[in-house]
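Here's an informal walk through one protein model, written for someone who likes to think in atoms and angles. Have the coordinates open and follow along.

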Amino acid sequence: MNELCDFQTQQSVECYLEAMIQESSPEQVLCEFRALFAQAIPNKSSVFYQALHHLVRENRASLFSSILKRSSYLLCDRWLETGRFELVKELLQLFQEAAIKAQVFSPIAKRMKTWIMEFINSSDYQDLQAIAAYAVDRRSISEPAHWSDRYLAYKL
């Protein structure tokens with residue numbers, strides 16, 4: 001029964017993110033993501049917020065981490081597909097901001113901050129950084145600044 005509930009929570013969050021990606025600008029999606037994760041600002045009407053709030057209240061760190069990872073990969077994937085590399089870098093920066101934010105007083109915000117710091121120290125975050133770095137490097141190779149840069153491989 002609990003696994004079904006976990007699956008439904010993940011599905012509802014993923015569906016919410018998919019809808020938000022389709023309906024909103026990438027900047028608005030990033031802003032919402034920042035408000036929920038980095039700043040822990042509640043948007044009571046948001047299904048995303050309600051699911052996260054429930055997980056934090058129930059002390060479900062592993063499921064929270066899984067949702068955070070899936071959400072991050074989903075956003076990165078969409079933004080890399082559309083060439084919005086700067087948003088991927090901002091997303092990664094967002095996690096760093098969340099880790100060094102000022103003192104929080106809400107128990108839920110404290111727990112979220114702790115879990116986000118654990119995510120930053122995990123291999124999942126390192127993988128996300130590697131993917132973003134690879135994509136940015138590929139972009140710089142595929143879009144040379146000068147016409148002669150395309151012959152750089154032959155020089156080497």
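Let's start with a single ring: at 3% relative accessibility, phenylalanine 119 counts as buried. Keep in mind throughout that this is a predicted model. Phenylalanine 119 has a partner in tyrosine 125, which counts as buried at 2% relative accessibility. The ring centres of phenylalanine 119 and tyrosine 125 sit 5.8 Å apart with the planes at 70°, so the pair is edge-to-face. The cut-off for that label is an angle over 60 degrees between the planes.

**The aromatic pairs**

How many aromatic pairs are there? The count comes to five. Another of them joins phenylalanine 33 and phenylalanine 95, again edge-to-face, with 6.1 Å from centre to centre and 90° between the planes. Phenylalanine 33 belongs to helix α2 and phenylalanine 95 to helix α5, so this pair ties together parts that are 62 residues apart in sequence. Both phenylalanine 33 and phenylalanine 95 are buried. Put the two pairs together and you get one aromatic cluster, formed by Phe33, Phe95, Phe119 and Tyr125.

**The overall build**

Stepping back, the protein chain has eight helices and zero strands, so the run of elements from the N terminus reads α-α-α-α-α-α-α-α by the helix and strand assignment used here. The chain counts 156 residues, and 34% of them are buried. About 9,500 Å² of the protein chain is exposed, with carbon and sulfur atoms supplying 54% of that area. If you take contacts between residues at least 6 apart in sequence, 68% of them join residues at least 24 apart.

**The core**

Nonpolar side chains tend to be buried together in soluble globular proteins. Here, the largest nonpolar core has 39 residues, and the members touching the most others are Phe33, Phe37, Phe48, Phe64 and Phe95. Two or more residues come from each of α1 (2-23), α2 (26-38), α3 (47-57), α4 (61-81), α5 (85-100), α6 (107-120) and α7 (123-142). Which element gives the largest share of this core? That would be α4, with eight residues.

Phenylalanine 33 is a good place to zoom in. Setting aside neighbours within four places in sequence, phenylalanine 33 contacts Ala38, Phe48, Leu68, Ser71, Ser72, Leu75, Leu91, Leu94 and Phe95. Several names in that list turn up again in the table, which puts α2 and α4 side by side.

| Helix | Residues | Span, first to last C-alpha | Expected span | Buried residues |
|---|---|---|---|---|
| α2 | 13 | 17 Å | 18 Å | Val29, Leu30, Glu32, Phe33, Arg34, Ala35, Leu36, Phe37, Ala38 |
| α4 | 21 | 30 Å | 30 Å | Leu63, Phe64, Ile67, Leu68, Ser71, Ser72, Leu74, Leu75, Cys76, Trp79 |

The span of α2 is close to the expected value, and the span of α4 is close to its own expected value too. Among the buried residues of α2 are Glu32 and Arg34, while those of α4 include Ser71 and Ser72.

**Around the edges of α4**

Next, the backbone. Most residues other than glycine have a negative phi. Asparagine 59 has a positive phi, near 60°, and is a residue other than glycine. Where is asparagine 59 placed? The loop between α3 and α4 holds asparagine 59, which is partly exposed at a relative accessible area of 48%. After α4 comes glycine 83, also with a positive phi, near 80°.

**Cysteines and one aromatic in α1**

A disulfide is a covalent bond between the sulfur atoms of two cysteines. This structure holds zero disulfides. Is cysteine 76 buried or exposed? Cysteine 76 counts as buried, at 3% relative accessibility, whereas cysteine 31 is partly exposed with a relative accessible area of 47%.

Finally, have a look at phenylalanine 7 in helix α1. Phenylalanine 7 counts as partly exposed, at 48% relative accessibility. In sequence, phenylalanine 7 and leucine 63 are 56 residues apart, and their C-alpha atoms are 9.5 Å apart in space. Leucine 63 is one of the buried residues of α4.

Technical notes: Residues are numbered from 1 along each chain as its sequence is written. Side-chain values use heavy atoms; hydrogens and water are left out. A nonpolar core is a set of buried Ala, Val, Leu, Ile, Met, Phe, Trp, Tyr and Cys residues joined through side-chain atoms within 4.5 Å. Buried means under 20% relative accessible area, exposed over 50%, partly exposed in between (1.4 Å probe, protein chains only). Helices (H or I, at least four residues) and strands (E, at least two) are DSSP runs, numbered from the N terminus. Contact means heavy atoms within 4.5 Å. Accessible areas come from the Shrake-Rupley method with a 1.4 Å probe; for residues, only the protein chains shown count as cover. The expected span of a helix is 1.5 Å times one less than its number of residues. Rings of Phe, Tyr and Trp (its six-membered ring) pair if their centres lie within 6.5 Å; planes under 30 degrees apart count as stacked, over 60 as edge-to-face and the rest as tilted. A disulfide is a pair of cysteine sulfur atoms within 2.5 Å.
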